[in-house]
Structure formats: structure tokens, C-alpha cells
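I opened this model today and kept a running notebook. Here is what I looked up, in the order I did it.

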Amino acid sequence: MTLRNDIAITPELVASHGLKPDEYQKILDLIGREPTYTELGIFSAMWNEHCSYKSSKKWLRTLPTKGPRVIQGPGENAGVVDIGDGQAVVFKMESHNHPSYIEPYQGAATGVGGILRDVFTMGARPVAAMNALRFGAPEHEKTRHLVNGVVAGVGGYGNSFGVPTVGGEVEFDARYNGNNLVNAFAAGLADTDKIFYSEAKGVGLPVVYLGAKTGRDGVGGATMASAEFGDDIEEKRPTVQVGDPFTEKRLLEACLELMQTGAVIAIQDMGAAGLTCSAVEMGAKGDLGIELDLDKVPVREERMTAYEMMLSESQERMLMVLHPEKEPEARKVFEKWELDFATVGKTTDDLRFRVFWQGDEVANLPIKDLGDAAPEYDRPWTEPKTPAALAKDDVPQMDVAEALLALVGGHQCSSRRWVYEQYDTLIQGNSMQRPGGDAGVIRVEGHDTKGLAFSSDVNPRYCEANPYEGGKQAVAECWRNLTATGAEPLAATDNLNFGNPERPEIMGQFVKAVLGIGEACRVLEFPIVSGNVSLYNETNGRGILPTPTIGGVGLLPEWKQSVGIGFTAENQPILLIGGPSERGTHLGQSVYLRDLFDRRDGDAPHVDLAAEKKTGDFVRKLIRSGVVSACHDLSDGGLGVALAEMAMAGGIGATVTDVEGNDPILTFFGEDQGRYLVTLNLDPQGPEIAALWKEAEALGIFAPWIGSTGGTTLTLGAATAVPVATLTGAHESWFPSYMNG
Amino acid sequence: MKAAVIVFPGLNRDRDMIAALTKIGGVKPSVVWHQDADIPDADLIVIPGGFSYGDYLRCGAIAARSPIMDKVRERAAKGTRVLGVCNGFQILIEAGLLPGALMRNTSLKFVCREVKLEVTNADTDFTRGYTKGQIIRCPVAHHDGNYFADAETLKQIEGEGRVAFRYAEGTNPNGSINDIAGILNAEKNVLGLMPHPENLIEAAHGGDDGRALFATVLQQVA
């Protein structure tokens, strides 16, 4: 099929490019004439939701993005944060939701590829990856197929590329039945004085195309990602790209080698909307025009039109502006790695984006306006209705031991081993804490003691009930998970997954969640340095649960001081730090209610951010003082599930005393926020622990001794003792038996 | 001692291997790019793990036909010790330096976990740091590690003590015949194994059971 550039622009054609009539009018006003077919494609690529953030920009501006350690905030390929000693961590999280539903293996694989490229484009070698995956109900007919494909795709790409997957999330809910979420995170290390940016500098310099050849795959992908799904979704398969991790690995090595030569002035990877977005971004940022000659673009298919080349989303491609005198040296690096290297254009001083193809000028557009003049909407939104809090006496009862076993062996809290054993978690030889704990921890190569911690978190149940508190909670839980390893949380990336923003109630969820995230980030001094927005996650008019995933990074000055979640020795005191004196009070939106009583009512737990900060800082200090032997934050399933996880991870039991007068269900399954469990290598009767309590009391932190480790069973108050082996059996069997079922 | 690490495009545990050899041997190995004309003088040649040529076609098949492998074959024939780990093992098999085949894991999935290995033959230049029958911990990370050989070959390698390591205590992660995790050539100067001893050599890795393999072979050639 060959598409011509003289194709007539009809209202139907405009609509099929995802452009609204008023947006098309804006184009006409901007350029003073009818656009060519290629130009229409360029506008649709630049002005779709995915690339322009037109619905979200107004609210994203409210997020805190600065901090003493922030070198680069949002707006580049990834955020950059100073970790001392001239080193920086470079990271970002990005969604690949729509493609992963249409074609799970390739969709997930190219999601991983895209985020890795964002990181090494900035000059950083990727050292850690995570992925937050959300699927439909386990019993839904497509779920197994999607889990299989997505997990294999994430592994297939990341394993071959050679980055350890150190953490992530997997969750199931019927609200993702027609629209699963794949949020991929990557982090890399770079020297602070060797960070590369996308801003082009200098007129008349070569614009060089590097990497894989351009094909027809993914043409119009970004536009697809900005639309809702209907029943015709299967027809969209051709818009999914195909990943080639082997090429990406070579591209990584070639780019890092090339950067060493000093030849690179600016670099931008070709992600969504490929050549269009990357060229426009480099030029617009540098206040320069760009001229492209498409006849020079390496292609792997015949008779490709200008339109197709400009909109192709073929993977593993880069665009650079190079010092002309270093071009031969640069070419040699790419020849060594057997990658394409072609000078496809030049920078100009006319601020125009001009594209030539077979001797014709097929596009001539104002480069700054392509980005800056993109529509921006203040979409109408309605205040979300928060469900009424549960009545105080509304505590459905169940045998505590039975409830615990059902929860650790249920789809929400069961082990994710089936998933993470398909990922290479130890390549590079720096993984200190692998998946299964609170956060992944790696050593920093090139430094004797430093480590980095990574965690990805959000609780969509809470966000659905109360988007503002849910947004706060996502940030707080991420911050808490990093803290639980002993790390100082540095900064975060946000991946905001929501439904159709043109519906005021969905926009309301978005607005309130972003405000909640902002508030938590400010109080916890945890700025957002990069991110991605994925809207229109709906199928046939039903939106997903609001899912603002937060990916956080923390710094450990001494990785040896880091602790894990597993009990490490018998007869150690267990302290519950933070939270209310009743131990547990909040059952609304809990896993206990949802999974054991099929109830989704009540308000989400609220996060007291000041208490969160105070408690976290106290716990971190304890860990760094060396008295903590294990630490775990409390989240889904509350105190009971957290204790079980610590017991299972360490293969050691525990006996925990109940508190008379407190409802054991609230105590063990309430999901009150801001709480940690720690075990101490201290004598519970000794002076050190007394001093610790005194300090906690002075700070107003509740830190009761609730029990001790030891034995082979876990005893929660008056409940029947459960053998740790029985818990482990239930915990480990849900996923494999579900996938085999 | 002198060690050389051969690097093909797509390998990705070359950095892990170089780090292990450097930390244990005290000297950085020479790194040989697959297009280099020759391998510098070395007493140990290592082909590390990864996905050479993307594992496209068949794991190790393309790398095995690369000209540098003729040089590896020449050196091996002269008695130089050759170690292939994971993709390196697959390449040695595809190059005909070791017998048998490595098929897809029976689970049909990539598997990354820690397994137990039994040191089946402790009387080789690679394994003398262990004792026969010793059980060690070692991680695996592969998609195609299911060792297979026909009955006659199997009888031969078993009979000649050419099985160096076996998966132990029911931890065979891939369905390998006779639980075979690593094998030697007839002269016992070429070892290929699927597990990654280079990822378990220091406290930071949570153990150092892999260390003795490198310590032994590097000392032997000192």
C-alpha cells in the first residue's frame, strides 16, 4: 500500500487522526493553509494526548519537581538525581498499556525497551528495572493469556538486554478486564558531568540517525494510545511495534562508547511518534529549525512514504546532533556494533521543521508551535464522591488464623515468584535485595559502600474510593518501602493511569490524585523528577481503577546496613512502629473486606503525612544504628499479613500478643497507614531498648513490643497457631496453580 | 596467570565475568572482541553468558560460527583451558567443543533462581577447589539449559567422569537429562556449565560458593 502526499484532507481523515474539529481549525490558523497529508500526520503525532499532555499539563505543573539533589526534573528523557561522589541516578517510569493488551508479549517487551532507551539516551548505563502490572479478574477469560504474554515479554526484553529486574507489582481487578496496565521503570547510573540532553545547539550541524532501520510497524501508535478501546480492538494489532533487544543492547553499548568520544551535542531516542517527535523536540528545545531528507533514512521495507516514515514507531532508533569533525569517529563506533548510521538532515536557523522526500518538500511547519502551540485543556471536572466511612461496629468477623491463611494464599497477597523467576534478577552482580521484599536494593558500581533502593507502589482501591488520599498513599507507601530498607528516599517518577479525561468524573479523579501526590511529595521531600500520563484507559465506556503508580529511588550510604523483611533470628523482640495505640482501626477498602467478604465499601485510609515523615525518619535512624535485624512496612492485609511475610521470608515463626479490648480483626487486618514492623537484636529488658522507647515517646511515636520471633508457627493473639510451612505452602501455590489451571 | 574473555555482540554477563576474574585473580583479563584477529596469550579463555546475536536462530549457533571460534578451537586443542558459562556453554556445544545439546527448559520459561549443585568430578583443573559430592549453591538464569545427549554419548561422558556438576536435591530447573549442569571435554580442559558461579563469589552476593571454581582454575594456570 502506498499512500500519497496529495491525498485530500477530509473531515473524516482529520477525525481518524484523533484530531477534533476545533484542533484542526487551530492547525489551519497556525499555518494559514491546508496541511499536506504528511503534515496532518505530524500534527496528529504531536498533538495527541500521549505526546502533548494536553489534558494533564495544567495539573502536572502543580507537582513539586525541585530539590537539593535534583539535577534534571520532568521534560527530558528521564529525571536525574545527584547521589554524591560525582554520580547520578537517572530514572523514569512509563506505561505501555494499550499495546500490551493488543499484543501482550511485544507490547510489554517494547515498553521495557522504550524505558531503557530513555535512560541510556541520557548517558546512563541501566542498572535496575521494575514493572508494575495490573490485570483483569483472575477468572476473566483473557487474564491468563495476558499475564503469560506480558511477563514473558518483560523478561524476554530485559533479560536479553541485561538489566536486573529488582522489584515491581502484580495486581488483579475486574476493572482492568479490558485494559491491563504495564508500567515499566528503569534506572541507570551516570557521572554528573556526563549527562546528555536533547537540546540541539549550533546551526548547520548534522542530524544523524542511528540504530535499527525504519519499518511500517507502529505507524500511528501514539494516536492509538490516546483513544479508548472498543470491540474492534483486535484490528489495531498492526499499530503495535516489535522489539529487538539484541539491537537495543548493541545500541546501548554503541551510544555509551560514542558519548565517550565527545562527538554528541544532543541526543533523543525515537519513542512515540518516532522521527517526528524526536526531531521536533531537539530543534524546538534548542530554538533551531530542523531539515530532514527522508531519502537518507535507513528503511527495511520498500516504497515507504514520507507519512509512514514520519509516523513509524520502529524500535531501537536514536537521533543525534553531532560535532561534524567527529563524524568519522562516530561512524566507526556504529560500524563496530553493526548498526545503521546515516546523516539524515541538519539544524537550521529558520525555526522551521522541513521534510523532504523524493525531491519534494512534504512538510514545512513552524517547529516551536508544533510543541508549544499544542492544545491545552482545562477539562471540566467534578469533585469525586467519597464513600461513607464504615460504621464503628461494622467489623465482619472471621477466625483470624483462617483469614490469614486465605489472604496470604489469595490473589492479592500471594507470592509473585512465578512472575519474578522469569526475570533475571541478579545480572550485573549487584543485587542486594531481589524481588519479594519491600524494595529492591543494588550496590552502586564504582563505589565501595553506596547502594540504591527502588520501589513501585499504588493502591488503586484506595484511589477509586478517595483519589486525593489514594494519591497521597501511593507516594507515602513508596517512601515507606524505601525507608524500610534503611534508604533515604530521594525522588520519584509518576506513571498516571486513568480513564477518559473528557468525562468530568474521571478528570476529577485525576485532579484530586495529582493534588494528593503533590501534597505527599512536598511533605516527604520526595520530588517528582520524571513521569508519564496514560489516559483513555477504558473499554466500552468503563474506566480502569485510577492508578497513579509511583516509582521511587532511595540512597543507602552503606549498603551493608540495609535490612530485609525476613526474620533473621529466634527470640528477638518485634516492635510495631507508628500508627494508632489501638494498633489497627481502619477496615474500609481493605483486602480483608474485599477478598473475604466481597465488600468494596468505606473510605480509604488517610495518611497523616507529618506522622509518616516522623515515623519513617525514626525507623531509618534505627536501621542505620545497626540494632534492626529485619524491617517491613504494613500495607495490604495489615499487621497479620506483614507478620506472615516476615515469618515466611525468614523461615522463623513468631508469637504476637493480642491487646485486650481491641477487636482482633481490626488489629490484624486493619490497613492503617504509616506503620512498620521491626525486629531488634536487643534484649527486650535491656537499657538500649528502654532508651529507644524513650526516644519514640518523646517524638510521639507509638512503638509497642508486640511479640517475639521464634518457633515454627505464627501465633496471632488468641488465634490458632499456624505453621509457617502451611503459610508458605498457601503463599507460594496460588500463582503457579492459577497459571496452570 | 592470564585470562581472556571473548565477547560477542549480545553477550551481557561479560561484565559480571570480568569482575569475578579480576576480583579473584587480582588481574583484569584481556577482553577479546569477536572480530579481533587472534586471542592474546592466555592460560584460560572464558566465553561468558548472555544472548549472543539475540539468541536468534538457535542459542549460540551464530557465535559458534564466528572466525574467532577457530582460534578458540586451536587453543583448546593445545591444552588451553576454556570455560563457557550459560550462553558460553551453548556456544561451546554449537561449536562442537562439547557434546550434546541444550534444549528449551521443560517449563518453556526463562528461569532465574538459586539451585544446588553436586560437584560430581572434583579432579579437574576447574573443580579441585571442591570435594567430590560436595553440594554448593549457585544461581541459574536461562531459557535454554535443558541438557540432552543420546544414550551412547551420555554413557561415554558419564563413564569418563566428564560430568562436572549435577543439579542436586531436586533443584533441576530445566529438565536436563541425568540432572547434568556442566560437562567437560574428553581432555577435561574445556568446561561448559549453565549456572552462574560468577554471580556468587562474595558476601554481597549472599554467599561465595562460586569462588572456588575461579580460584582453582586461576591458580592452576598461575
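**Where the two chains meet.** I started with the contact between the chains in this predicted model. I counted 22 residues of chain B in contact with 22 residues of chain A. Then I asked which elements of chain B give two or more residues to that side. They turn out to be α1 (14–25), β6 (111–119) and β7 (135–142) of chain B. I also sorted that side of chain B by class, and got 11 nonpolar, six polar and five charged residues.

**Chain B on its own.** Next I looked at how chain B is built, and found six helices and 11 strands. Its C-alpha trace spans about 40 × 40 × 30 Å along the principal axes. What radius of gyration does chain B have? I got 16 Å, which agrees with a compact globule, because one of 222 residues would come out near 17 Å. Of those 222 residues, 55% count as buried. I also checked the contacts in chain B with a separation of 6 or more: 75% of them are between residues 24 or more positions apart.

**Annotated stretches of chain A.** I moved on to the UniProt record, an unreviewed entry. It has "domain: Phosphoribosylformylglycinamidine synthase linker" at residues 17–54 of chain A. That span is 68% helix and 0% strand, and its end C-alpha atoms lie 16 Å apart. The record also puts "domain: PurM-like N-terminal" at residues 75–189 and 436–555 of chain A. I checked both pieces. Residues 75–189 of chain A are 37% helix and 36% strand, with end C-alpha atoms 19 Å apart. Residues 436–555 of chain A are 37% helix and 34% strand, with end C-alpha atoms 19 Å apart.

**A sheet in chain A.** Last, I traced an open sheet of six strands in chain A, with the order β14-β15-β16-β21-β17-β18 and mixed pairing. Why do β14 (431–433) and β18 (528–534) of chain A each have one side without a neighbour in the sheet? They stand at the edges with a single partner strand each, so nothing in the sheet pairs on the other side. Ignoring direction, neighbouring strands here are turned by 20 degrees against each other on average.

I zoomed in on one pair: β15 (residues 440–443) and β16 (residues 451–457) of chain A run antiparallel and are joined by four bridges. There, R443(A) stands opposite G451(A) in β16(A). Helix α18 (residues 467–484) of chain A packs on the sheet, where it touches β16, β17 (488–497) and β21 (547–556) of chain A. The direction of α18 makes about 25 degrees with that of β21(A).

Conventions. Residues numbered from 1 in each chain as written. Chains lettered and ligands numbered in written order. Predicted model: local features only at pLDDT ≥ 70, side-chain atom pairs only at ≥ 80, totals over all residues. UniProt positions renumbered as here; feature names shortened; annotations may be inferred. Contact = placed C-beta atoms within 7 Å. Nonpolar A, V, L, I, M, F, W, Y, C, P; charged D, E, K, R; others polar. Rg over C-alpha atoms; globule rule 2.2 N^0.38 Å. Buried ≥ 20, exposed ≤ 12 C-beta atoms within 10 Å, placed from the backbone. Pairing = 2+ DSSP bridges. Axes fitted to C-alpha atoms, helices over the stretch in contact; angles between N-to-C directions.
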